[in-house]
Amino acid sequence: MEAKENLVEIEESSEGNAESDQLGCEHYFRKCCLIAPCCKKEYICRVCHDEKELHEMDRRKVTTIKCLKCDTLQEVRSKCKKCGIVFGNYFCEICRLFDDKDKEQFHCDRCGICRIGGAENFFHCEKCDVCLGNTLKDNHKCIEKVSHDVCSICREDLHTSRTELNVPPCGHILHRTCYLSLLKTGNYACPTCNESMVKMDNLWKYMDEEISGTEMPDEYKDLLVPVLCRDCHKISS
């Protein structure tokens, strides 16, 4: 498959400068394509490959790339050995990642992949084994290697996801888009452990008022049963 089938070429002009071409795909702006080590086909990025093939590309095993300007095949490098064009303003040799769009990319050695958002805005939690926002430092429940799993809603990988993650109080990570979709359906409990993912105080107060205002049948007036709280895990009557 020719990589140029997936090629997006956008002409932009900026503040009086001459128009410049941006090459790439819907996922990345870059000026080279990858030669997939698994099937030897040309793809702009591993996402394009995985969306069209029945197998996944291990981008770390990519050894050959092709310049989209002069079509020169070459080893993985930051700029073309023939025409000299820079393949991407951001380049990670480990992840084989090229990107002309500034997303504040950074490579985390402990995660083993590149992430976006600026290294100064994240810390790597050793127990969870994932980069989390600084606001969660000493402010989240750690679960051993929690990101090395699939999202409990969409069943897609979490650790290498290109989608923003959400960390509820229970610590079971979800894709943020999946989390918001779940809330819209009126489900506020974590699909993994059933703990509340948002503050429920107002709802509990409302339910208590409803119960206290409801007269119980005579046979149930003095009946007490044990209940287990899904949030604090304490038993009460």
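These are my notes on the cores, one sheet and one helix of a predicted model.

**Largest core.** I began with the largest nonpolar core, which has 17 residues. I looked up which members touch the most other members, and they are Leu132 and Met197. Next I listed the elements that give this core two or more residues: strand S11 (122–125), strand S12 (130–133) and helix H2 (176–184). The largest share comes from H2, with 3 residues.

**Around Met197.** I then checked the contacts of Met197, leaving out residues up to four places away in sequence. Met197 touches Pro168, Pro169 and Leu174, and also Tyr179, Leu182 and Leu183. Its other contacts are Tyr188, Ala189, Cys190 and Pro191.

**Another core.** Apart from the largest core I found another, of 15 residues. Val47, Cys48, Cys92 and Cys95 are among them.

**Sheet.** I traced an open sheet of 4 strands in the order S4-S3-S5-S6, and the pairing is antiparallel. Which strands stand at the edges? They are S4 (42–43) and S6 (73–75); each has a single partner strand, so one side of each has no neighbour in the sheet. S6 pairs with S5 (residues 64–67) over 3 bridges, in the antiparallel sense. In this pair I noted Thr64 opposite Glu75 of S6.

**Helix H3.** I compared the length of H3 (residues 201–212) with what is expected. At 1.5 Å a residue, its 12 residues should span 16 Å, and the end C-alpha atoms are 16 Å apart, which agrees. How many of its 12 residues are buried? The number is 0, so H3 lies largely in the open.

Conventions: Residues numbered from 1 in each chain as written. Predicted model: local features only at pLDDT ≥ 70, side-chain atom pairs only at ≥ 80, totals over all residues. Heavy atoms only, no water. Core = buried A, V, L, I, M, F, W, Y, C linked by side-chain atoms within 4.5 Å. Buried < 20%, exposed > 50% of the residue type's maximum accessible area, 1.4 Å probe, protein only. Contact = heavy atoms within 4.5 Å. Pairing = 2+ DSSP bridges. Expected span 1.5 Å × (residues − 1).
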